[in-house]
Amino acid sequence: MIVGLDIGGHHVAGALLNRQGHGILVKSYRHSETRSGAASAELLDAWAHLITTIAPDTDQVTGVGIAMPGPFDYRTGTAFFEGNGKFQSLYGVNVREELQRRLPASREIRFLNDATAFAVGCVAMGATGDSARVLAITLGTGLGAAFLDRGIPVIEEEPGAVPPGGCLWNMPFKHGIADDYVSSRWLLTEAARQSGRPWESVARMAAEARQNEALRGVFAEYGASLAAIVAPWARGFGAETIMLGGRIAGAFDLFAPTLRQGLAVHDVAIPIMIHENTEDAAIVGAGQMFTPAFWAQARTRLPRR
């Protein structure tokens, strides 16, 4: 068996996968909330505890695949979180070594970018149909992106086709970077400014936005920003499908019109698909790292930061 883990800004989820990495054993699924601003020991303890809870019988487990947000050195397992509001206490920490030290038995641990794991999982589960080139976007604490060609991550290509490392979150945009304008913190901050009250979650904000014109305007601006960021890369890469995931994708109806309008302005007319269970896809994608055919190609395409 393989343990697949999806680490997000406010959660960690995982499950046991069969040896091919395609099927989640439903009864093994576990999920727990975490604090993105917690001390490094608290985060590492929580992640190691979930792995052990998922697979208490260590003889069953041949490896652990982890879907991890960036900035992160996916080859060495070292964290470089900085400037994106999460896990900053882990900066410079070798997460692979720290987790292995906390686990009851030594197991190989491999890391894949969380958006890439989501995209790879969608392909493995057949959610992207027959599209060869897929641009996957995860919308949540930050902006995740992955460029896949026939199910394999692409992180380096001709200029204008794929950004450095396949990342969009740190692309210059307006008065900062993309993450500053397409993230949950932007939505909550802007909603508070428009409504004069704080918002505890995007889900609560979205529920009220369906009856509140000012809040709908916030989502409309979000969709326009997302289109402006994504469109040039979707066109340059020759994407055949845009696959959306992440918690904010649940509010797709609120930002879809301006997203589609913005893409059309840039001559991008391709299907936009939603995969509602982002966690399952990321867990499956993380497990693909122990599929020999996938790992043989992907292992040399892991971002260093």
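**Notebook: cores, cavities and Glu-42**

I began with the nonpolar interior and found that the largest nonpolar core has 58 residues. Val-3, Leu-5, Trp-47, Ile-66, Met-68, Leu-90 and Val-95 are the members with the most contacts inside this core. I then looked up which element supplies the largest share of this core, and it is H1, with seven residues. I also noted a second, separate core of 51 residues, which includes Leu-143, Phe-147, Leu-168 and Ala-206. I record here that the model is predicted.

Next I listed the contacts of Leu-5, leaving out residues up to four places away in sequence. Leu-5 touches Trp-47, Leu-50, Ile-51 and Ile-54, among others. The list also holds Val-12, Ala-13 and Gly-14, together with Gly-65, Ile-66, Ala-67 and Ala-286.

I turned to Glu-42, which lies in helix H1, residues 40-54. I entered Glu-42 as partly exposed because its relative accessibility is 37%, a value between the 20% and 50% limits. I checked Glu-42 against Leu-90: the two are 48 residues apart in sequence, and their C-alpha atoms are 10 Å apart in space. Leu-90 is one of the residues with the most contacts inside the largest nonpolar core.

Finally I searched for enclosed space and counted two cavities of 30 Å³ or more. I examined the second largest cavity, whose volume is about 40 Å³. Its lining consists of Leu-112, Asn-113, Thr-116, Pro-153, Ile-155, Arg-301, Leu-302 and Pro-303. I sorted this lining by class and obtained five nonpolar, two polar and one charged residues.

Definitions and conventions
Residues are numbered from 1 along each chain as its sequence is written. This is a predicted model: local features need pLDDT of at least 70, side-chain atom pairs count only at pLDDT 80 or more; totals for chains, interfaces and linings use all residues. Side-chain values use heavy atoms; hydrogens and water are left out. Helices (H or I, at least four residues) and strands (E, at least two) are DSSP runs, numbered from the N terminus. Buried means under 20% relative accessible area, exposed over 50%, partly exposed in between (1.4 Å probe, protein chains only). On a 1 Å grid over the protein atoms alone, a cavity is a set of points where a 1.4 Å probe fits but cannot get out, and a pocket is an open set with protein on both sides within 12 Å along at least five of seven lines; lining residues have an atom within 4 Å of a point. Grid points are joined across faces, edges and corners, and a volume is the space filled by probe spheres set on the points. Ala, Val, Leu, Ile, Met, Phe, Trp, Tyr, Cys and Pro count as nonpolar, Asp, Glu, Lys and Arg as charged, and the others, Gly among them, as polar. A nonpolar core is a set of buried Ala, Val, Leu, Ile, Met, Phe, Trp, Tyr and Cys residues joined through side-chain atoms within 4.5 Å. Contact means heavy atoms within 4.5 Å.
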